[in-house]
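Subject: Structure handover

Hi there,

Here is the structure I promised to pass on to you. Please have it open beside this message, and my notes on what turned up follow below.

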Amino acid sequence: RALGPAAYGNFSFATNVFLQFSAFLDMGTSTCLATTLSKNPHDDASVALYLRFSLVVLALCLGAGCLALIPTVGDALLPGVPAFMAPAAAFWAYLTWAGRTTRGVNDALGLTVGGEALRTIVSLLSALALAGLFLADVLSIPVLFLHQYVFLGAAAVGFALLARRAKP
């Protein structure tokens, strides 16, 4: 409500486009990683390879987001959406993908309870922060992206730390 239907619609459209792009780049590899780790939790080589792959996904997402800053490309990719939202939405999609992937790793390692507890805490803190931003009347699209980066990033890092700590 604070952002208005047009601004929130642009946010939703842009993030969904890049979320679909990150899912395309994933090509099921996150499921393969989870399956591999559930069979062999000590497979550090697969984790190291996947960390490199995740950097490629980040580069491709941000590259596509920056390409959308070119007016003709941006108009074709995200018609009617302000250009500044493309790189922001691309990074948002990467963080969302990274969180889902690390959460899947936690599930594969048998850390579902700890991961869900972490997700619940991060979601609760995120909701409280969002309510605070709304009540303080400072909520805007850039502030919403920043809020999302903080909490999506916190979840992804938390899931990664949980998985790392569980490894002997």
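**What I found**

S126 lies in helix α6. Before I go further, please keep in mind that this is a predicted model. With a relative accessible area of 14%, S126 is buried. Setting aside neighbours within four places in sequence, S126 is in contact with H147 and F151.

T102 makes a nice companion to look at, this one in helix α5. Its relative accessible area is 18%, and since buried means under 20%, T102 falls on the buried side. Apart from neighbours within four places in sequence, T102 is in contact with A156, F159 and A160.

**The nonpolar core**

Which residues touch the most other members of the largest nonpolar core? They are F11, F18, W92, Y94 and F145, in a core of 40 residues. Helices α1 (5-26), α2 (29-39), α3 (44-67), α5 (85-108) and α7 (141-166) each supply at least two residues of this core. The largest share comes from α5, with 13 residues.

If you want one residue to start from, I would pick F11, which lies in helix α1. F11 has 6% relative accessibility and therefore counts as buried. Not counting residues up to four places away in sequence, F11 touches M85, W92, I141, L144, F145 and Q148. Two of these names, W92 and F145, also appear in the list of core residues that touch the most other members.

**Aromatic rings**

How many aromatic pairs are there? The count comes to nine. One of them is F91 with Y149: the ring centres are 4.9 Å apart and the planes stand at 70 degrees, so this pair is edge-to-face. The pair links distant parts of the chain, with F91 in helix α5 and Y149 in helix α7, 58 residues apart. F91 is partly exposed, at a relative accessible area of 27%.

Both rings of that pair belong to one aromatic cluster, formed by Y8, F11, F91, W92, F145 and Y149. F11 is thus a member of this cluster as well as of the core. For a sense of distance, F11 and Y149 are 138 residues apart in sequence, and their C-alpha atoms are 14 Å apart in space.

**Salt bridges**

As a general point, side chains of opposite charge can pair when their charged atoms come close. How many salt bridges does that give here? The count is two.

One joins R103 and E116, whose closest N and O atoms are 2.8 Å apart. This pair links distant parts of the chain: R103 is in helix α5, E116 is in helix α6 (residues 112-135), and 13 residues separate them. The other brings the side chains of R119 and E116 together, at 3.0 Å from N to O. R119 and E116 both lie in helix α6, three residues apart, which is about one turn of the helix.

E116 takes part in both bridges, and R103, E116 and R119 are linked in a network. Are these three residues buried, partly exposed or exposed? R103 counts as partly exposed at 30% relative accessibility. E116 is also partly exposed, with a relative accessible area of 24%. R119, at 34% relative accessibility, counts as partly exposed too.

**On the surface**

Finally, there is a nonpolar surface patch of about 300 Å², made by L67, I70, V73 and L77. V73 has its place in helix α4 (residues 71-77). The relative accessible area of V73 is 33%, so V73 is partly exposed.

If you only have a few minutes, I would suggest viewing F11 with its contacts M85, W92, I141, L144, F145 and Q148, and then the network of R103, E116 and R119.

Thanks for taking this on, and happy browsing!

Best wishes

Definitions and conventions
Residues numbered from 1 in each chain as written. Predicted model: local features only at pLDDT ≥ 70, side-chain atom pairs only at ≥ 80, totals over all residues. Heavy atoms only, no water. Core = buried A, V, L, I, M, F, W, Y, C linked by side-chain atoms within 4.5 Å. Buried < 20%, exposed > 50% of the residue type's maximum accessible area, 1.4 Å probe, protein only. Helix = DSSP H or I, 4+ residues; strand = E, 2+ residues; numbered from the N terminus. Contact = heavy atoms within 4.5 Å. Phe/Tyr/Trp six-rings, centres within 6.5 Å; stacked < 30°, edge-to-face > 60°. Patch = residues over 30% accessible without salt bridge, like charges linked within 9 Å, V, L, I, M, F, W, Y side chains within 5 Å. Areas by Shrake-Rupley, 256 points an atom, 1.4 Å probe, with all protein chains shown as cover. Salt bridge = Lys/Arg side-chain N within 4 Å of Asp/Glu carboxyl O.
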